[in-house]
Amino acid sequence: MSIRTSATLALAAVTMSLGLSACGGGQSVEDACKIANKRATEATQNLSSISPTDPEGSASSIDKINDTLKDTVKDLENEKVKKELSELSDQFSKLTDLLGQLKDAGTDTTKLQQVSGELQSLSTDITQQAQDLNKLCS
């Protein structure tokens, strides 16, 4: 699988995870999910502009989304939703790191293959975390 395809898969998983219902402590799960969903929707409005051929620009966009997720986690009181959203945010941090590694790899095919494998694995992790969050908020 090519590096470009792996990056595209990871970014597709990101899009899918944020498109799902995000969820909410002293507040109900339903209330926390409403807050998280609203903010995630706002944060991902420009997600379609992310390009796997621009790892640096993509990392910057993912960082902005992740900042919104982290801020949302701080505002949630429901511990279940907070935990799930926090874990999703952690996945986004890993994605930013991998996009940086992709840029740094340049033309080193060994490094590109390694990063590609890690992007594939992370794509699976993001998808699973999004499914866990969606189950909680359904």
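Of the 138 residues in the chain, 40% are buried. The model is predicted. The exposed surface comes to about 7,100 Å². Carbon and sulfur atoms supply 47% of that area.

The chain has 5 helices and 0 strands. Read from the N terminus, the order is α-α-α-α-α.

**Confidence**

Mean pLDDT for the chain is 81. A score of at least 70 is reached by 80% of the residues. Two helices mark the extremes among the elements of the chain.

| Element | Residues | Mean pLDDT |
|---|---|---|
| Helix α1 (lowest) | residues 3–19 | pLDDT 53 |
| Helix α5 (highest) | residues 109–137 | pLDDT 91 |

Residues 18–25 stay under a pLDDT of 50. For this stretch the model has 38 contacts beyond four places in sequence. Coordinates predicted with low pLDDT should not be read in detail.

**T72**

Helix α3 spans residues 55–75 and includes T72. T72 counts as buried because its relative accessibility is 2%, and the cut-off for buried is under 20%. Its side chain reaches back along the chain: the backbone oxygen of T68 lies at 2.8 Å from the side chain of T72.

Which residues does T72 contact, leaving aside its neighbours within four places in sequence? They are I35, A36, R39 and L85. T72 thus combines a buried position with a side-chain approach to the T68 backbone oxygen and contacts to residues including I35 and L85.

How values were computed
Residues are numbered from 1 along each chain as its sequence is written. Side-chain values use heavy atoms; hydrogens and water are left out. Helices (H or I, at least four residues) and strands (E, at least two) are DSSP runs, numbered from the N terminus. Buried means under 20% relative accessible area, exposed over 50%, partly exposed in between (1.4 Å probe, protein chains only). A polar contact is a pair of N or O atoms within 3.5 Å; within protein, one must be able to donate a hydrogen and the other to accept it, and residues adjacent in sequence count only if both atoms are side-chain atoms. Contact means heavy atoms within 4.5 Å. Accessible areas come from the Shrake-Rupley method with a 1.4 Å probe; for residues, only the protein chains shown count as cover. pLDDT is the predictor's confidence in each residue, from 0 to 100.
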